[in-house]
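Please open the model in your viewer and keep the sequence panel visible beside it. The tour below moves from one selection to the next and says what is there at each stop.

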Amino acid sequence: MGTLVKLSIITLAILLAGLWSSATAGQWHVGESLRCQDCHLQHATQDGEQVPGGPYSTMLLEASVNELCLSCHDGTDPTAPDVQSPVTMYSAGSTGESAAGFFGQVGVDNPHGHGLGFGAVTPLQNQGLFVQLNCAACHAVHGNGNYRNLLIDPAGVGDSLAVVEGVHVFTEFSPANPPTVAGSVAAYDRDNVGYKEGMSTWCASCHDMLAANEQSSTTAHFNGHPSDVALDAYSPYNHTAPGHWTAGLGEGFDLADGGVARVPFDSPGATDYVSSRAAGLSDEVQCLSCHKAHGGAHAGGMLWPYREGGAEYLAGCQQCHNK
Ligand code: HEC
Ligand code: HEC
Ligand code: HEC
Ligand code: HEC
Ligand code: HEC
Ligand code: HEC
């Protein structure tokens with residue numbers, strides 16, 4: 001079996017080199033930055049020592065995908081973006097968090113977003129599949145052409161979803177190569193990302209009940225909040241306040257008075273990072289306007305304490321609606 005694994009590793013290495021040699025600068029775990037030894041043993045030993053409890057399946061350095069990825073992404077490797085609570089590396093930034101946010105402990109229900117290694121029925125999904133999420137449920141472990149190596153078919157239903165950096169998503173700072181602490185903080189900070197389109201469609205591959213927007217339908221998503229709909233879609237603006245959104249002042253925005261940082265949005269006409277971040281009347285609400293992709297500080301993975309209550313409980317809603 002050892003020889004077989006080694007042979008297939010060599011075959012895959014050749015395959016991967018051919019497939020992703022043209023990968024964009026600033027992507028990690030792909031092409032030349034896919035360093036097999038980050039995740040796999042080169043033999044059944046590491047540095048001549050037997051790995052405690054190992055060797056593991058496909059010669060991974062850890063017993064499970066979550067443990068493997070978190071062995072660097074839990075804050076112990078200061079150059080690897082930390083995705084497990086508590087996260088401190090972004091504290092100097094204006095929002096203090098990364099774009100995706102963070103998980104809790106593996107194997108424990110996470111009321112603040114996605115849980116890892118914890119069996120649950122997929123909510124807002126027609127099939128209602130019972131799954132245990134791990135990093136590989138959303139990220140291609142050997143990299144691909146998508147932003148953050150997001151899977152092209154996370155639900156395993158034959159989708160081919162493109163979320164490409166420079167096309168659907170824009171960033172200002174690329175991470176350093178080789179990785180540095182300051183480079184990773186700048187690259188993965190929430191403020192370094194601007195969106196044009198594609199994220200809601202990607203999320204709705206698993207949460208497919210939200211794939212179509214039926215106004216005030218009973219999909220139970222608090223009576224069907226639309227995604228990928230522009231603030232100025234309907235005139236007169238009975239529901240939204242596009243001018244309030246572009247001005248960015250007062251209700252929902254005033255940090256000293258129950259406001260939060262401007263929530264992420266899709267900028268349909270964006271061509272680069274600057275245009276993707278400039279607020280406009282036809283900006284669109286998307287999943288990440290309200291939810292952190294991994295999870296965060298608030299119930300339901302929300303960007304503000306919507307369910308907890310308090311002064312900020314309607315902050316995000318008010319930015320777009322100002323009721
Ligand atoms: C040996 C440490 C290490 C391990 C193990 C590791 N990573 Fe990483 N990862 C890093 C570092 C360091 C970076 C940031 C590199 C950079 O951008 O300069 C990174 C970046 C990433 C990124 C952002 C990539 C991009 O192009 O935007 C993703 C997504 C990611 N890792 C997922 C994973 C997943 C999933 C696993 C497990 C299958 C994993 N990592 C295992 C160190 C590691
Ligand atoms: C960021 C971590 C990471 C890196 C780097 C990495 N792998 Fe993997 N690899 C994995 C994980 C995780 C699995 C198991 C996938 C699963 O169980 O879902 C895997 C599985 C495999 C397999 C089994 C077949 C398959 O695709 O499932 C082969 C072969 C393999 N890797 C080869 C390589 C080679 C060659 C390299 C270097 C070019 C490499 N890997 C780099 C994480 C990594
Ligand atoms: C691979 C399938 C998959 C993808 C892709 C996916 N989810 Fe989920 N999601 C799940 C599963 C399974 C659960 C239930 C288990 C859990 O909460 O961890 C869930 C739960 C949730 C919850 C409820 C969390 C809570 O604490 O109540 C929210 C909100 C959510 N997802 C939003 C999103 C958003 C936003 C995206 C896109 C960034 C997304 N999901 C992408 C599978 C997925
Ligand atoms: C439910 C899907 C999902 C799961 C599960 C998931 N990710 Fe992510 N991850 C995303 C999405 C979507 C983004 C991009 C969010 C954005 O930039 O707006 C992301 C971004 C990242 C980033 C960039 C840094 C950041 O915080 O923004 C890293 C690193 C990363 N993921 C690593 C991991 C690791 C390691 C695991 C497992 C411990 C994991 N992810 C599990 C969906 C997921
Ligand atoms: C305008 C804000 C907003 C937008 C946009 C939004 N959500 Fe939600 N979502 C919420 C709120 C608020 C809840 C909590 C509802 C409750 O528990 O009362 C929620 C709950 C959820 C849940 C958990 C449902 C359950 O039954 O546990 C999932 C899954 C989810 N959202 C996924 C998504 C996805 C995927 C998208 C994009 C297609 C999206 N949401 C867009 C605000 C939003
Ligand atoms: C990023 C902007 C944005 C945020 C944040 C936002 N909304 Fe909306 N909302 C919209 C847009 C755009 C529409 C659709 C256009 C319209 O109905 O005029 C909409 C529509 C609605 C509707 C009418 C839905 C229907 O089917 O008729 C309600 C109710 C609503 N939002 C409530 C909320 C609540 C509650 C929150 C906070 C949890 C919230 N919104 C957060 C932009 C946003």
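What follows is a walk through a predicted model, beginning with the whole protein and ending with single residues.

Start with the complete protein shown as a cartoon, where the secondary structure amounts to 9 helices and 8 strands. Of the 323 residues in the protein, 32% are buried. If you draw the contacts with a separation of 6 or more, 54% of them are between residues 24 or more positions apart.

Next, colour the model by pLDDT, which has a mean of 88 over the protein, with 85% of the residues reaching 70 or more. Select residues 1–23, where pLDDT stays under 50 and where the model has 13 contacts beyond four places in sequence. Then move to residues 216–221, another stretch over which pLDDT stays under 50, here with 8 contacts beyond four places in sequence.

Now select ligand 5 and the residues around it. Which residues are the closest to ligand 5? They are Pro123, Cys203, His207, Cys287 and Cys290, in a shell of 19 residues that surround the ligand. Two elements give two or more residues to this shell, namely helix 5 (199–206) and helix 8 (287–290). Colouring the shell around ligand 5 by residue class divides it into 11 nonpolar and 8 polar residues, with no charged residue among them.

From the ligand, turn to the backbone and select Ser85 together with Pro86, which are joined by a cis peptide bond with omega at about 0°. Pro86 sits in the loop that runs between helix 3 (65–73) and strand 3 (120–121). A cis peptide bond also joins Asn177 and Pro178, again with omega at about 0°. To find Pro178, look in the loop between strand 5 (169–171) and helix 4 (181–188).

For the last stop, select Arg148, located in the loop between strand 4 (130–131) and strand 5. The phi of Arg148 is near 55°, a positive value in a residue that is not glycine. Is Arg148 buried or exposed? Arg148 counts as buried, because it has 20 C-beta neighbours inside 10 Å and the cut-off for a buried residue is 20 or more.

Extend the selection to Asn149, which is likewise found in the loop between strand 4 and strand 5 and has a positive phi of about 55° although it is not a glycine. Asn149 has 20 C-beta neighbours inside 10 Å and therefore counts as buried.

Terms used
Residues numbered from 1 in each chain as written. Chains lettered and ligands numbered in written order. Predicted model: local features only at pLDDT ≥ 70, side-chain atom pairs only at ≥ 80, totals over all residues. Helix = DSSP H or I, 4+ residues; strand = E, 2+ residues; numbered from the N terminus. Buried ≥ 20, exposed ≤ 12 C-beta atoms within 10 Å, placed from the backbone. Contact = placed C-beta atoms within 7 Å. Near = placed C-beta within 6 Å. Nonpolar A, V, L, I, M, F, W, Y, C, P; charged D, E, K, R; others polar. pLDDT = per-residue confidence, 0-100.
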